[in-house]
Amino acid sequence: MKKGLLLLLLAGFTLASCDQVGEIENFAVNHKFEKSVVLDVSATDPSSFANDFTIETSDDDDFKNNLSKISKYTVSTFSYRIASFSGDENITSTGMVQFMDGANTIGDPIDLGVVNFKSLQNSGLEVEIPITDDLKALVQNKLLSSNSITVRVSGEVSDKPLTAEFVLGLKIEALVSVK
């Protein structure tokens, strides 16, 4: 009798749990998309630089498997770090980051200030790039319409030659609608 009552209660909990799972309407997936940008400036190259790269949300399997069901993107953080550097330890750069839609800019450029490559590499720090709520909204809308966004990194170095690898990270969350 006790065993039968226990099985009946267990079955009731199991059925109730199944009903709860059936009520899930949305879930979130998130990923930090990272892209390496190599800046290779020889002694005879101009001091200014510009590199474009594209972040594709389909590069992550969780995003890729749910692309048609994504109802909203949220940009959590935008950051960079120096993975490697070769050159004089006093070389710095001024830089800008700009989101792009083809040849058109999205929002205002973001000033990165002055970057000392060697110091930042040695520190191992990842620097968060400030992004306004208005710019986040524009980026999120662009991602929702095309599941990708282009980022342009540009600036000017204080001296040459140098080789530096920047790793830019864009952490994104997507709301996936089940129903």
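## Aromatic pairs

The structure holds 6 aromatic pairs. One of them joins Phe-33 and Phe-63 in an edge-to-face arrangement. Their ring centres lie 5.3 Å apart, with 75° between the planes. The partners come from distant parts of the chain, 30 residues apart. Phe-33 sits in strand β1 (residues 26-41). Phe-63 belongs to helix α2 (residues 61-64). Both Phe-33 and Phe-63 are buried. This is a predicted model.

A second pair brings together Tyr-80 and Phe-166. Why does this pair count as tilted? The planes of Tyr-80 and Phe-166 meet at 50°, so the pair is tilted, since stacked needs under 30 degrees and edge-to-face over 60. The centres of the two rings are 6.3 Å apart. Again the pair links distant parts of the chain, here 86 residues apart. Tyr-80 lies in strand β3 (residues 70-87), and Phe-166 in strand β8 (residues 162-177). Tyr-80 and Phe-166 are both buried.

Tyr-80 and Phe-166 also belong to a cluster linked by ring pairs. Its other members are Phe-85 and Phe-117.

## Nonpolar core

The largest nonpolar core has 42 residues. Which members touch the most others? They are Phe-78, Phe-99, Phe-117 and Leu-162. Phe-117 therefore has two roles: it is in the ring cluster, and it is among these most connected core residues. Strand β8 gives the most to the core, with 8 residues.

Phe-99 shows what such a residue meets. Leaving out residues up to four places away in sequence, Phe-99 touches Phe-78, another of the core residues named above. Its further contacts include Ile-106, Ile-110, Ile-131, Leu-135, Val-139, Ile-149 and Val-151. Asn-104, Thr-105 and Thr-150 are on the list of contacts of Phe-99 too.

## Fold and surface

The protein chain has 4 helices and 8 strands. From the N terminus on, the order is α-β-β-α-β-β-β-α-β-α-β-β. The chain thus opens with a helix and ends with two strands.

Contacts across the sequence are well represented. Of the contacts with a separation of 6 or more, 82% are between residues 24 or more positions apart. The pairs Phe-33 with Phe-63 and Tyr-80 with Phe-166 span separations of this kind.

How much of the chain is buried? Of its 179 residues, 33% count as buried. The protein chain exposes about 10,400 Å². Carbon and sulfur atoms supply 51% of that area.

Definitions and conventions: Residues are numbered from 1 along each chain as its sequence is written. This is a predicted model: local features need pLDDT of at least 70, side-chain atom pairs count only at pLDDT 80 or more; totals for chains, interfaces and linings use all residues. Side-chain values use heavy atoms; hydrogens and water are left out. Buried means under 20% relative accessible area, exposed over 50%, partly exposed in between (1.4 Å probe, protein chains only). Contact means heavy atoms within 4.5 Å. Accessible areas come from the Shrake-Rupley method with a 1.4 Å probe; for residues, only the protein chains shown count as cover. Rings of Phe, Tyr and Trp (its six-membered ring) pair if their centres lie within 6.5 Å; planes under 30 degrees apart count as stacked, over 60 as edge-to-face and the rest as tilted. A nonpolar core is a set of buried Ala, Val, Leu, Ile, Met, Phe, Trp, Tyr and Cys residues joined through side-chain atoms within 4.5 Å.
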